[in-house]
Amino acid sequence: MKELEIASELRRKEPLSDHTYLSVGGVAEYFLFAESINDMIKSIEFAREMGLPFYIIGEGSNVLFLDEGFSGMVITTERMDRITIDDVNCFCESGTLLIKIIECCKEYGLTGLESLAGIPGTIGGAVRMNAGAYGTEIGTLVSSVSVLKDGSVVQLEDVHFSYRESSLKGEVVLKVTLSLIRRNKKEVSENIEMIMKKRRGIMSEIPIDSGTCGSVFKNPEGRYAGKLIEEANLKGKRVGGAWVSMGHANFIFTDKTAKSSDVMDLIRLVRNEVERNSNIRLKTEVVIVGKGQEIEI
Ligand SMILES: Cc1cc2nc3c(=O)[nH]c(=O)nc-3n(C[C@H](O)[C@H](O)[C@H](O)COP(=O)(O)OP(=O)(O)OC[C@H]3O[C@@H](n4cnc5c(N)ncnc54)[C@H](O)[C@@H]3O)c2cc1C
């Protein structure tokens, strides 16, 4: 078998439940902690030559891997987290945590990102998902994104963003440049604290030791998925080790016994009941990944 010569850590048969916030999912045949762009390039080349599928994750806060696991290589960017600031531009490797970037903004007096304070995950995941909160979507702050194309690094300046979507689906995001605005540090810090206060309310509903991916469904135009789920009387509904939150109904929690199939069955049940009750078919926000690729349900 071909040897993969890289400095980054590569594991075999790695449980994906250890790398996702829902804490469910089977085993990845290969699991790479990419530490450099070079290792990322070599590993993807290796996977391609071996005929293996590959899938990139950040912190796994918005991904649901199935119980069957992933038959190829899952690559996490979480060890690629260098960040530099130049005037109003923030250059981040894709595995940089949002929280780390927001801390830098506080330190350097840069405004723009405060509404996203408290969202878990990396900047790579955030731009792919066009993460947003309290009226701000990350896409509005992105000036360029470097991706991997045919073994070379290519800079994209025309990324398209829409509600919890971007044209980066299927791309390998390596670096992100954010364009921010100078403000005094105190103001930035106060904005962050105000948002964190609001967030703490929602976060305090998450039971200790449970898994969650945040909002499971996207809000349909003009409606709130959580309200539709509540109206269908689904708060607290349980399948195996997964249940609908008694608070914010668009959250599903998992306990230590949960399997992906519990979460999947609950997602289908909620979607069907909401459709029966309100005639609206919910679409998932959480990204579902099967044996070799993302799947739509
Ligand atoms: C408690 C909680 C609260 C949350 N609140 C919010 C919220 O308020 N608003 C919001 O928008 N989201 C929220 N989320 C969802 C999630 O945190 C965001 O979507 C986050 O930006 C995902 O980042 P990640 O690094 O964890 O991505 P992952 O979950 O690892 O991946 C998500 C998607 O991005 C892709 N991806 C990740 N990194 C890369 C890369 N480098 N290149 C290409 N593709 C990549 C993956 O393939 C996958 O399709 C919440 C989640 C939780 C658990």
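Start with the shell around the ligand in this predicted model: by class, its residues divide into 17 nonpolar, 13 polar and 6 charged. Select the ligand and show its neighbours as sticks. You should find 36 residues around the ligand, and those that come nearest are I56, S61, N62, T122 and R199.

**Stop 1: contacts of the ligand**

Zoom in on I56 and show its backbone. A polar backbone atom of I56 is 2.6 Å from an oxygen atom of the ligand. Move on to G60, where a polar backbone atom is 2.8 Å from a ligand oxygen. Then pick E294: here the partner is an N or O atom in the side chain, 3.5 Å from an oxygen atom of the ligand. Now switch on the ligand surface. Taken alone, the ligand exposes 970 Å², and the protein buries 95% of that.

**Stop 2: where the shell comes from**

Colour by secondary structure next. Which elements each supply at least two residues of the shell around the ligand? They are β3 (54-57), α3 (123-129), β9 (132-133) and α4 (185-203). Select α3 in particular, since the largest share of the shell, 5 residues, comes from α3. If you colour by domain instead, you will see that domain 1 (9-76) and domain 2 (83-202) each give the ligand shell at least three residues.

**Stop 3: the second largest pocket**

Leave the ligand and select E165, K218, T284, V286 and E296. Of the 18 residues lining the second largest pocket, these lie nearest its centre. The space in this pocket comes to about 300 Å³. Two elements to highlight here are α3 and β20 (287-289), which give two or more residues to the lining. You have met α3 already, in the shell around the ligand.

Colour the lining of this pocket by class, and you get 7 nonpolar, 1 polar and 10 charged residues. Finally, bring back the domain colours: domain 2 (83-202) and domain 3 (225-289) each contribute at least three residues to the lining of the second largest pocket.

Methods
Residues are numbered from 1 along each chain as its sequence is written. This is a predicted model: local features need pLDDT of at least 70, side-chain atom pairs count only at pLDDT 80 or more; totals for chains, interfaces and linings use all residues. Side-chain values use heavy atoms; hydrogens and water are left out. A residue is near a molecule or strand if one of its heavy atoms lies within 4 Å of it. A polar contact is a pair of N or O atoms within 3.5 Å; within protein, one must be able to donate a hydrogen and the other to accept it, and residues adjacent in sequence count only if both atoms are side-chain atoms. Accessible areas come from the Shrake-Rupley method with a 1.4 Å probe; for residues, only the protein chains shown count as cover. Helices (H or I, at least four residues) and strands (E, at least two) are DSSP runs, numbered from the N terminus. Ala, Val, Leu, Ile, Met, Phe, Trp, Tyr, Cys and Pro count as nonpolar, Asp, Glu, Lys and Arg as charged, and the others, Gly among them, as polar. Domain bounds come from an automatic or database domain assignment. On a 1 Å grid over the protein atoms alone, a cavity is a set of points where a 1.4 Å probe fits but cannot get out, and a pocket is an open set with protein on both sides within 12 Å along at least five of seven lines; lining residues have an atom within 4 Å of a point. Grid points are joined across faces, edges and corners, and a volume is the space filled by probe spheres set on the points.
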